[in-house]
Structures are given as C-alpha cells and as structure tokens.
Amino acid sequence: MDLEYKKNVEKLWASDYNGCRQFFNKNGYTLEEAYCCILDDDIQEAKKLFTSIEDRDIRAKWGRFLCGIIQEKIEGYPSYFGLRNFLEIDLNFLTSHYKGEYVENIVKYADWLYTINPEVHKYIGRVFMNNHLEEFGMMFLLKAKDYFYNDPELHYLLAEAYFKQKNYEECQKAVDNCLNILPEYFPAIQMQRKLKLNCDK
C-alpha cells in the first residue's frame with residue numbers, strides 16, 4: 001500500500017484530517033474524499049462522490065445511504081450486510097469527530113434499521129459504550145436484549161458495562177446468561193474470573 005495514502009487514511013480516522021481531502025482528490029481516492037466531505041459538512045458533494053463509484057464499491061453504496069440518513073432525506077434501503085459491515089464503523093467515525101448531530105440523525109432511525117438487520121441496537125450500543133457514553137450505550141444494549149436475547153456477545157457487552165459500574169450482581173447475571181447460551185465464550189469466562197477476584201478481595 002502506498003505510504004502516503006496509508007498516512008492520510010490514518011489521519012482521516014484519527015480525527016486529524018487536515019490536508020487529507022486535497023490528497024485524496026488529487027490522487028483519485030473518491031471514497032476517502034467523500035468521507036472528508038462529510039467531516040467538512042459538505043454532504044451534497046459527499047453524496048455525489050459516493051454515487052459516482054457505487055456501482056463498483058459496496059461501501060460507496062452504503063455511503064450514499066449514509067448521506068441521506070444524515071440529512072434526514074432517506075432514499076431507498078440499506079442492505080443487511082451494509083448495516084453489518086459499516087454502520088458501527090461509521091457511527092464510531094462520526095462520534096470520534098464530534099459529529100453529534102449526524103449521529104443523532106442516524107440513531108433516531110434505529111428501530112426502522114432494526115427491521116433490516118436485528119443487530120442494529122447492539123451495534124449502536126457498543127459504539128456509545130466504546131466512546132464513554134455509557135448511559136446511551138446501556139439504553140441501546142438493553143433494547144437489543146428485549147428481542148435478541150440469544151446473542152452471547154450482547155450479554156457479554158452488558159456484563160462489561162455492569163462491571164465498569166461496579167454493579168457486580170448484574171454483571172454476574174449477564175455473564176451467566178452469556179455462558180448459558182454459549183458455555184465456551186472465552187471473554188465471558190475471563191469476566192467470571194475477574195468477578196471472582198473482586199469477590200475474594
């Protein structure tokens with residue numbers, strides 16, 4: 001991979017994208033330029049760029065939908081795989097770049113997106129938890145639990161959240177739920193050991 005390209009991609013994802021848009025434009029990296037446009041609040045240009053390559057890039061097709069939902073002008077439907085592959089990544093991207101309004105516009109459609117991919121609330125919850133927005137993270141994880149109960153990863157994410165809150169009783173329940181579904185789930189086994197160490201202190 002070209003070193004200059006790699007350097008600019010790293011800057012783009014690390015909240016330091018000054019000069020990236022010009023580099024991507026000059027060198028024909030249309031997808032990356034479109035994401036720079038989103039950060040510059042130039043959504044119309046981002047959408048135009050995504051549209052120009054969507055026939056050959058599945059992420060560009062998702063990007064065009066993303067622009068619509070950011071503007072609350074939804075066109076068409078995202079695919080199950082688009083949501084699975086890109087929703088969490090892009091929510092985290094927008095959150096880390098302090099695009100709160102865009103994040104809010106996306107998550108307000110969570111219940112609709114869930115009808116296309118039932119893991120949507122889990123994805124959103126994990127993004128919020130990873131960005132220290134625990135109250136919102138728990139809200140979405142608990143909503144996911146209401147209808148996606150047999151997902152061991154979901155229970156483990158709840159266990160992690162309860163452990164951070166020092167709510168060890170609820171953490172143990174979440175670990176137990178996880179291991180009842182999948183006894184070999186290694187992160188939950190590790191969490192069980194951590195809980196035991198805390199109880200033995």
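Me: How much space lies in the largest pocket of this model?
Reply: About 160 Å³. Keep in mind that the model is predicted.

Me: Which residues line the largest pocket?
Reply: Ile58, Lys61, Trp62, Arg64, Phe65, Glu75, Gly76, Tyr77, Pro78, Ser79 and Gly82. Helix H5 (residues 58-70) gives the most to this lining, with five residues.

Me: What makes Gly count as polar in that lining?
Reply: That's just how the classes are set up: Gly is put among the polar ones, while Lys, Arg and Glu count as charged. On that basis the lining divides into five nonpolar, three polar and three charged residues.

Me: How do you know that Cys67 is in no disulfide?
Reply: A disulfide needs two cysteine sulfur atoms within 2.5 Å. For Cys67 the nearest cysteine sulfur belongs to Cys37 and is 8.7 Å away, so the pair doesn't qualify. The structure as a whole holds zero disulfides.

Me: Why is Cys67 called buried?
Reply: Buried means under 20% relative accessible area. Cys67 has 0%, so the word fits.

Me: And what makes Cys171 buried?
Reply: Its relative accessible area is 0%, which is under 20%, so Cys171 is buried too.

Me: Which residues have the most contacts inside the largest nonpolar core?
Reply: Tyr35, Ile38, Phe50, Leu87 and Ile124, in a core of 44 residues. Another core, of 21 residues, lies apart from it, and Cys171 is one of its members.

Me: What is Ile38 in contact with, leaving aside its neighbours within four places in sequence?
Reply: Ile43, Ala46, Phe50, Leu66, Cys67, Ile70, Leu94, Lys99 and Tyr102. Each of those has heavy atoms within 4.5 Å of Ile38, so "contact" is the right word.

Notes: Residues numbered from 1 in each chain as written. Predicted model: local features only at pLDDT ≥ 70, side-chain atom pairs only at ≥ 80, totals over all residues. Heavy atoms only, no water. 1 Å grid on protein atoms, 1.4 Å probe; cavity = no way out; pocket = protein on both sides within 12 Å on 5 of 7 lines; lining within 4 Å. Points joined across faces, edges and corners; volume = space filled by probe spheres on them. Helix = DSSP H or I, 4+ residues; strand = E, 2+ residues; numbered from the N terminus. Buried < 20%, exposed > 50% of the residue type's maximum accessible area, 1.4 Å probe, protein only. Core = buried A, V, L, I, M, F, W, Y, C linked by side-chain atoms within 4.5 Å.
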